[in-house]
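Got your viewer open? Let's take a walk through this one, picking a few residues at a time and looking at what sits around them.

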Amino acid sequence: MGKTTLMVSIRRFGHPNLPALVMLHGFLGSKDDWSILMPSLSQHFHCICIDLPGHGANHLALTSPGFSQVSAHILAKVNELGVKQFHLLGYSLGGRIALHIAKDFPEALLSLTLESAHPGLIDDDQRDARANSDGLWAKKLQQLPITAFLSLWYQQAVFNDLSKQQKQQLITLRSQNDPLRLSNCYLATSLSLQQDCRNVLSQLSCPCYYLYGEDDTKFAQVAIDWQAQSGQSALQLQPLNAAGHNIHSLHPALFCDTLLALLTPKNPAKEA
């Protein structure tokens, strides 16, 4: 079902003649995070799963701030596959990068779907506080054993929906990453360096969707506030019941059904 390209940082699923869906994972993840969705999504899309810089097989080092660099990098990789227009899906960090791709290359997008992603901080006080916080996390990543860092990372409130066993599974999986490469990406794509991308939607002619778990109160409020500013026609919200921050991993069937209902209107989601 899967096809590994010559670029080992990219894995593709589904027939190349299907509409392209570029998928960007979150911090600490990899292209393989999306594999659980492929039996469903690859029937409808040519799914292009990409390792972000510093993750998996992508060893690209970013300058800081790195959003424009990583946006151009991803678009170039997709274009090398012969794909000029695509649906774009990004989770968390991948969603923040997806917003910058939308800002820099709006003509390339058929749709934009964000999962639990922040559009950017509004004022300098927020940015300063986030820069300090990210600097402390980066030092932990550089100085602690990777498993010790991951144990601390998954204690954050945003991961409260994960069980102890699920957290341990993630720690084991993510410990294969290189801490210095991760640190480079983390600092170069810090939320403190991200532009406020709320107005990016106004330059897009494609539909824009925001998926969030109702149990993820932080990003539920981010999404609601963003839609209140932008309008329902600019940003369509999709709250998902009994889900937290990482919906696609813990609730893959719900996530796929929701996404297919949005992106393939003639094939509505299965009824529960």
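Start by selecting Trp153 and whatever it touches: leaving aside residues up to four places away in sequence, you should find Phe27, Leu28, Trp137, Phe159 and Tyr186. Keep in mind as you click around that this is a predicted model. Trp153 sits in helix α5, and with a relative accessibility of 10% it counts as buried, because the cut-off for that is under 20%. Now add Lys140, which is 13 residues away from Trp153 along the chain; the C-alpha atoms of the two are 9.7 Å apart.

**Next stop: the rings**

Show Phe27 and Trp153 together. How far apart are the centres of the rings of Phe27 and Trp153, and at what angle are their planes? The centres are 5.2 Å apart and the planes are at 65°, so this pair is edge-to-face. The two come from distant parts of the chain: Phe27 belongs to the loop between β3 and α1, while Trp153 is in helix α5, 126 residues away. Both Phe27 and Trp153 are buried.

Now colour Tyr154 and Phe159. Their rings also form an edge-to-face pair, with 5.0 Å from centre to centre and 65° between the planes. Tyr154 is buried, at 4% relative accessibility, and Phe159 is buried too, at 12%.

Next, select Phe27, Trp137, Phe149, Trp153 and Tyr186 in one go: ring pairs link these residues into a cluster. Across the model, the count of aromatic pairs comes to 9.

**Look down helix α5**

Select residues 146–153, which make up helix α5, and highlight Ile146, Phe149, Leu150 and Trp153, which are buried. Turn the view until you look down the axis of the helix. The buried residues of α5 fall within an arc of 95°, so they line one face of the helix. A general point helps here: an α-helix has 3.6 residues a turn, so residues three or four places apart point the same way. What covers the buried residues of α5? Show α4, α6 and α7 (179–188), which are among the elements that do.

**Hunt for salt bridges**

Side chains of opposite charge can pair when their charged atoms come close. A search of the whole structure turns up 6 salt bridges. Select Asp33 and Arg174 for one of them: their closest N and O atoms are 3.0 Å apart. Asp33 is in the loop between β3 (20–24) and α1 (38–41), and Arg174 is in helix α6 (residues 164–174), so this pair ties together parts that are 141 residues apart in sequence. Are Asp33 and Arg174 buried or exposed? Both of them are buried.

Move on to Arg130 and Asp134, whose salt bridge has its closest N and O atoms 2.9 Å apart. Both lie in helix α4 (residues 124–143), and being 4 residues apart, they are separated by about one helical turn. Arg130 is partly exposed, at 27% relative accessible area, whereas Asp134 is buried, at 2%.

Then try Lys103 and Asp104, where the closest N and O atoms of the salt bridge are 2.7 Å apart. Lys103 is partly exposed, with a relative accessible area of 21%, and Asp104 is partly exposed as well, at 28%.

**Into the nonpolar core**

In soluble globular proteins, nonpolar side chains tend to be buried together. The largest nonpolar core here has 61 residues, and the members that touch the most others are Leu24, Phe86, Leu112 and Tyr210. Helix α3 (residues 93–104) supplies the largest share of this core, 6 residues. Zoom in on Leu24 and display its contacts: beyond four places away in sequence, they include Trp34, Ile50, Leu52, Ile74, Leu88 and Ile101. A second, separate core has 23 residues, among them Leu89, Leu211, Phe255 and Leu260.

**Last stop: the cysteines**

How many disulfides does the structure hold? The count is 0. Select Cys208 and Cys206, the cysteine whose sulfur is closest to that of Cys208: the sulfurs are 4.7 Å apart, too far for a bond, since a disulfide needs them within 2.5 Å. Cys208 is buried, at 3% relative accessibility. Finish on Cys185, which is also buried, at 0%; the closest cysteine sulfur to its own is 16 Å away, in Cys197, again too far for a bond.

Note on methods
Residues are numbered from 1 along each chain as its sequence is written. This is a predicted model: local features need pLDDT of at least 70, side-chain atom pairs count only at pLDDT 80 or more; totals for chains, interfaces and linings use all residues. Side-chain values use heavy atoms; hydrogens and water are left out. A nonpolar core is a set of buried Ala, Val, Leu, Ile, Met, Phe, Trp, Tyr and Cys residues joined through side-chain atoms within 4.5 Å. Buried means under 20% relative accessible area, exposed over 50%, partly exposed in between (1.4 Å probe, protein chains only). Contact means heavy atoms within 4.5 Å. A salt bridge is a side-chain nitrogen of Lys or Arg within 4 Å of a carboxyl oxygen of Asp or Glu. The arc is that of the directions from the helix axis to the C-beta atoms. Rings of Phe, Tyr and Trp (its six-membered ring) pair if their centres lie within 6.5 Å; planes under 30 degrees apart count as stacked, over 60 as edge-to-face and the rest as tilted.
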